[in-house]
Amino acid sequence: NRPLADAFLASLDHEQREKPVYDLPAAALREGLAVDTNSHFNGLAATFDRLGLEADAGLNVVCTLLEDQVLTPVLRDQMGAYGCFCGVYDGDQGIYLISYRDPNVAATFNLFDSLADRLETAEISQEELDGYIMSTYSGLAVSAGALSGALERIELIMAGKPADLTLTQI
C-alpha cells in the first residue's frame, strides 16, 4: 500500500492555503438548535473556566465511570436512547454530556441534572475505581488503528496546535 499512498500524496497539489477564518456568532447560554436530520443529539457542555474548575485529567475517569454506571444503563437500556457520551473535550477545555436518538429528552436532562448527586452517593470500591483509571488511561494512550496517528496530527493542526504534540503534553 505504500506505493499507492505515495502516488496519491504526490498527485495532490502543494499550493499553500491560508487557514480559513470562520465568523460564527457566539452561542448564548442554554441555547438550543433544531436541525432537520435523521439523528438528533441532546447535550450539555461547559468550559472548566465557566464551571470554576481547574482542568484535571482525572475527569476523564469520572466520565468513564458515569457512562458505565449511570448514562448507558439508564439512557440506553431503560429510556431507549440509542447512545450517550460523557467526556472532556479539546484536551482540557471542558466537559460534555450527550445523548443521541433519544426519545425522552426532558427525562434525559433531568438525569444530567442528577449526576452530581448520583456521583456523590455512589458506592465504588477502590478496586473498581482502579479499574476505571486503568481503562480510561489505556484508552487514551493506545492508537485506534493504522491511520490514527495521521488523524491525530490532522486534528491537532486543525485545532491550531503543534502537530508533534504528545499525550503527555495534552
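**View 1. Cys-86 and its cross-strand partner in the predicted model.** In this predicted model, Cys-86 stands opposite Leu-97, a residue of β3. The two strands concerned, β2 and β3 (residues 94-100), pair in the antiparallel sense, and seven bridges join them.

**View 2. The open sheet and its edges.** Three strands make up an open sheet with antiparallel pairing, and their order across the sheet is β1-β3-β2. Because β1 (41-47) and β2 each have a single partner strand, both stand at the edges, and one side of each is left without a neighbour in the sheet. From one strand to the next, the twist averages 10 degrees.

**View 3. Two helices lying across the strands.** Helix α3 lies across β2 and β3, and its direction makes an angle of about 165 degrees with β2. Helix α4, in turn, lies across β1 and β3, running at about 30 degrees to β1.

**View 4. The largest nonpolar core.** This core has 14 residues, among which Leu-71, Leu-75 and Leu-115 touch the most other members. At least two residues of the core come from each of α3 (58-78), β2 (83-89) and α4 (105-121), and α3, with six residues, gives the most. In soluble globular proteins, nonpolar side chains tend to be buried together.

**View 5. The surroundings of Leu-75.** When residues up to four places away in sequence are not counted, Leu-75 touches Val-70, Gly-80, Ala-81, Cys-84, Ser-99, Asp-102, Thr-108, Leu-111 and Phe-112. Leu-75 is also one of the three residues, together with Leu-71 and Leu-115, that touch the most other members of the largest nonpolar core.

Technical notes: Residues are numbered from 1 along each chain as its sequence is written. This is a predicted model: local features need pLDDT of at least 70, side-chain atom pairs count only at pLDDT 80 or more; totals for chains, interfaces and linings use all residues. Side-chain values use heavy atoms; hydrogens and water are left out. A nonpolar core is a set of buried Ala, Val, Leu, Ile, Met, Phe, Trp, Tyr and Cys residues joined through side-chain atoms within 4.5 Å. Buried means under 20% relative accessible area, exposed over 50%, partly exposed in between (1.4 Å probe, protein chains only). Helices (H or I, at least four residues) and strands (E, at least two) are DSSP runs, numbered from the N terminus. Contact means heavy atoms within 4.5 Å. Two strands pair if DSSP finds at least two bridges between them. Axes are lines fitted to C-alpha atoms, for helices over the stretch in contact, and angles run from 0 to 180 degrees between N-to-C directions.
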